[in-house]
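Here are my notes on this model, as numbered points. Please read them with the coordinates open.

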Amino acid sequence: VLFRSAATTTPAIINIGERTQNLFIQALAWPTSNGVAATTPMLAVGGERIMELIGNGDVVSWGGNQYGELGDYTHLGSTNPVHVVGLTNIIKIASGLNCSLAVDADGKLWAWGDNQIGQLGNGNTDSTNLPVPVLGMSNVVAIAANEMPDQVGDPLAVKADGTIWAWGGGLGSVPTQIARSEERRVGKECR
């Protein structure tokens with residue numbers, strides 16, 4: 001996947017990095033206004049796509065799109081960044097195997113893509129190519145999405161009050177508060 005900068009708020013390629021998860025990740029330099037970006041830019045890689053939070057709080061994505069995980073109202077993959085429809089003022093992103101998550105500046109959590117096992121947390125199992133609110137998820141301060149093919153499901157969110165919430169897979173399609181002592185494997189194990 002090659003990145004092509006679409007606007008001045010998007011980073012420019014400065015060199016090519018390592019191959020990760022069948023995607024080529026590139027070292028990027030983000031432009032700033034007076035030395036400070038409006039939103040801290042970040043990348044999230046999952047499945048066959050890359051998501052990028054750009055400096056103005058918008059999200060772009062590119063790569064595979066079988067389940068609508070690019071969030072652009074299509075199921076067509078793209079080698080160029082496409083804007084995720086309907087999201088503004090985003091401050092955090094996470095990318096699971098075939099679903100995507102974003103938190104806006106108000107702490108509201110959004111999800112889109114594959115929902116076969118309820119991993120969008122919207123009370124059903126219908127996949128969607130547009131962001132939908134995750135039920136009951138306000139005041140969210142941290143998110144994680146599972147990208148392990150053998151353990152699909154269980155996205156996690158932490159609210160400002162310190163409570164931890166999970167959904168998808170055996171937990172169903174509605175977020176459930178989990179105990180801090182309850183073990184959850186999300187993403188890759190670090191050793």
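1. One cut-off first, since a later point rests on it. A salt bridge is a side-chain nitrogen of Lys or Arg within 4 Å of a carboxyl oxygen of Asp or Glu. Buried means under 20% relative accessible area. Keep in mind that this is a predicted model.

2. Which residue is buried yet has no salt bridge? It is Asp 104. The nearest side chain of opposite charge belongs to Lys 108, 6.1 Å away. The salt-bridge criterion asks for a pair within 4 Å.

3. What does the side chain of Asp 104 reach instead? One target is the backbone nitrogen of Asp 106, at 3.0 Å. Another is the side chain of Trp 110, through a polar contact of 3.2 Å. Trp 110 also appears among the contacts of Asp 104 once neighbours within four places in sequence are left aside. The others in that list are Thr 88, Asn 89, Ile 90 and Ile 91.

4. Asp 104 sits in strand β8. This strand, residues 99–104, pairs with β9, residues 109–113. The pairing is antiparallel and runs over 5 bridges. Within it, Val 103 has Leu 109 of β9 as its bridge partner.

5. The sheet around this pair is open and has 4 strands, in the order β7-β8-β9-β10, with antiparallel pairing. β7 (90–95) and β10 (128–133) are at the edges; each has a single partner strand, so one side of each lacks a neighbour in the sheet. Neighbouring strands are turned by 20° against each other on average, direction ignored.

6. A further open sheet of 4 strands has the order β3-β4-β5-β6, and its pairing is antiparallel. Here β3 (42–46) and β6 are the edge strands, each with a single partner, so one side of each is left without a neighbour in the sheet. The twist averages 20° from one strand to the next.

7. Inside that sheet, β4 (residues 49–53) and β5 pair in the antiparallel sense over 5 bridges. Met 51 has Ser 61 of β5 as its bridge partner.

8. Now the loop between β5 (59–63) and β6 (78–83), where Leu 76 is found. Is Leu 76 buried or exposed? Leu 76 is exposed, with a relative accessible area of 61%. Not counting residues up to four places away in sequence, Leu 76 touches Asn 65 and Leu 70. The C-alpha atoms of Leu 76 and Asn 65 are separated by 5.6 Å, although the two residues are 11 apart along the chain.

Definitions and conventions. Residues numbered from 1 in each chain as written. Predicted model: local features only at pLDDT ≥ 70, side-chain atom pairs only at ≥ 80, totals over all residues. Heavy atoms only, no water. Pairing = 2+ DSSP bridges. Helix = DSSP H or I, 4+ residues; strand = E, 2+ residues; numbered from the N terminus. Axes fitted to C-alpha atoms, helices over the stretch in contact; angles between N-to-C directions. Buried < 20%, exposed > 50% of the residue type's maximum accessible area, 1.4 Å probe, protein only. Lys, Arg positive; Asp, Glu negative; His and termini not counted. Polar contact = N/O pair within 3.5 Å; in protein donor to acceptor, adjacent residues only side chain to side chain. Contact = heavy atoms within 4.5 Å.
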